[in-house]
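I am keeping these entries as I look things up, one topic at a time. The sequence and the structure come first, and my notes follow.

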Amino acid sequence: MTATDLPPGATARRTTTEPPPRGTTVRPSGAAAGPPTVDVPSGAGAAPTAAAVMDRVREYASGLPARASEIERLGRVPGDVLDGLKATGLLRAALPPSRGGVELTVPHITRAIDELATGDASVGWCAAVALNASLAVVRLRAHAYTELFPDPDLITATVLPPTGQGTRGDGGYLLSGRWTHASGITHADRVMAGFRTPQGVPRVAVFDAAHARVMDTWNTTGLRGTGSHDIEVAGLFVPERHTFGLAPSADRQDPPHLRADNLALKMAGVPLGIARSALSAAREILAARRPALPRPASPADLARAESLIGAADAYVYNTLEDAWAAQEADRTPERGTAALARQFAHRACREAVQLLYDAVGSAAVYTERTPLDRCLRDVITASRHVASAEGVLDAVGDLRLGGDPASPHL
């Protein structure tokens with residue numbers, strides 16, 4: 001397969017339209033009565049501010065639980081749900097104002113993902129991955145970025161491990177390879193995929209998602225709505241100007257909002273949001289059954305789960321706030337601390353959701369009555385991500401003992 005340069009304004013898969021007038025409801029074209037629709041957040045057409053984006057995210061997230069079963073069943077995020085997400089302004093949150101962004105801090109971005117995951121884990125996960133497109137704004141030349149992202153709300157599936165191979169073509173690379181876990185590829189406009197040059201140097205290629213062959217591989221326990229299928233391309237021409245290296249150049253300093261390591265930190269919001277959803281559901285069920293609880297230990301399990309979630313919340317956000325303050329003061333945050341907090345959040349929230357599942361008893365297995373079963377499956381799947389798995393503990397422990405682990409997840 002070959003591809004020509006993308007013309008300015010080109011999009012893939014689905015066309016992004018302007019947000020509808022304030023107060024209207026987005027419904028898929030031609031849809032009659034069907035699943036609940038998602039309201040476009042109030043003030044979606046106004047110039048974004050950090051506070052406005054966070055308010056819109058909360059408003060939007062409150063409507064996601066009504067769509068969660070549908071999202072899981074479809075294995076993707078429906079179009080009207082995506083339109084509501086775009087209208088929040090979150091997808092451009094890390095971008096500079098010149099690109100329509102508001103430069104939210106990493107703690108705020110993480111809290112936004114947390115809010116979304118409380119409503120639906122797959123939406124939260126896909127939003128977190130889509131935010132990685134912000135890397136391109138500081139790595140690509142301005143004209144190349146504009147070619148690829150004429151609309152800052154275009155959605156990107158990001159698979160950064162350099163499993164592809166690029167051979168030299170006229171003015172670019174002929175890209176071939178297969179990538180796993182391309183979250184959001186079923187609704188993506190662009191793909192950012194890691195590859196190695198003929199000299200073995202890792203780079204990232206950005207191309208139209210329509211050029212990727214999607215393999216039906218995402219048959220999983222949880223996070224089914226992310227559509228994280230494998231993708232592949234063969235001999236796809238990507239212009240040199242549409243590729244970049246992840247390492248920052250020596251002659252420039254990336255703003256904190258756009259540092260690759262900072263953008264990875266937001267993933268801690270996913271387990272926190274899932275656990276909050278489970279806690280709310282279990283508390284409601286148990287309160288209604290208080291005269292005849294399913295297990296004598298149910299109240300204690302509920303309280304224990306709440307304490308685990310609270311501990312994870314405090315650890316994650318205190319760590320993020322400290323790291324952000326250090327960067328604003330032009331100091332380097334302690335390496336590994338945020339990774340430990342993220343890994344702890346996954347472990348603690350997984351334990352909390354299991355406690356809540358057990359506390360509720362047999363009612364937890366009814367997937368259309370309670371989100372608990374989906375929450376358990378989602379948090380288990382999320383915790384398998386390499387940036388949050390148990391290997392992080394080995395790397396940080398080695399670091400604390402004087403080692404220098406090469407892990408990119410610290």
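**Entry 1, the sheet.** I began with the strands and found that 7 of them form an open sheet in the order 7-8-4-3-5-6-9, with mixed pairing; two strands count as paired if DSSP finds at least two bridges between them. Strand 7 (213–215) and strand 9 (243–244) stand at the edges, each with a single partner strand, so one side of each has no neighbour in the sheet. I note that helices (H or I, at least four residues) and strands (E, at least two) are DSSP runs, numbered from the N terminus.

**Entry 2, what I am reading.** This is a predicted model, in which local features need pLDDT of at least 70 and side-chain atom pairs count only at pLDDT 80 or more, while totals for chains, interfaces and linings use all residues. Residues are numbered from 1 along each chain as its sequence is written, and side-chain values use heavy atoms, with hydrogens and water left out.

**Entry 3, strand 4 and its partners.** I looked up strand 3 (residues 156–169) and strand 4 (residues 172–179), which pair in the antiparallel sense over 5 bridges. Arg168 has Tyr173 in strand 4 as its bridge partner, and Gln165 has Ser176 in strand 4. The two strands, 3 and 4, form a hairpin with 2 residues between them, and Gly171 in the turn has a positive phi of about 85°. Strand 4 is also joined to strand 8 (residues 230–239) by 7 bridges, and these strands run antiparallel; here I found Gly177 with Val233 in strand 8 as its bridge partner.

**Entry 4, helix 4 with helix 5.** How do these two helices cross? The axes of helix 4 (residues 106–119) and helix 5 (residues 121–130) come within 5 Å and cross at roughly 150°, which makes helix 4 roughly antiparallel to helix 5. Axes are lines fitted to C-alpha atoms, for helices over the stretch in contact, and angles run from 0 to 180 degrees between N-to-C directions; angles under 35 degrees count as roughly parallel, over 145 as roughly antiparallel, 65 to 115 as roughly perpendicular and the rest as oblique. Ile113, Leu116 and Ala117 in helix 4 meet Ala121, Gly124, Ala127 and Ala128 in helix 5, where contact means heavy atoms within 4.5 Å.

**Entry 5, helix 1 with helix 4.** Helix 1 (residues 50–61) packs with helix 4 at an angle of about 10°, their axes being 8 Å apart, and that makes helix 1 roughly parallel to helix 4. Among the residues that meet are Met54, Val57 and Arg58 in helix 1, and His108, Arg111 and Glu115 in helix 4.

**Entry 6, helix 13.** Which residues of helix 13 (residues 391–400) are buried? I found Val392, Ala395, Val396 and Leu399, with buried meaning under 20% relative accessible area, exposed over 50%, and partly exposed in between (1.4 Å probe, protein chains only). Seen down the axis of helix 13, these residues fall within an arc of 95°, so they line one face of the helix; the arc is that of the directions from the helix axis to the C-beta atoms. The buried residues of helix 13 pack against helix 11 (337–360).

**Entry 7, Val386.** Last, I looked up Val386, which sits in the loop between helix 12 (372–382) and helix 13 and counts as exposed at 54% relative accessibility. Not counting residues up to four places away in sequence, Val386 touches Val392 and His409.
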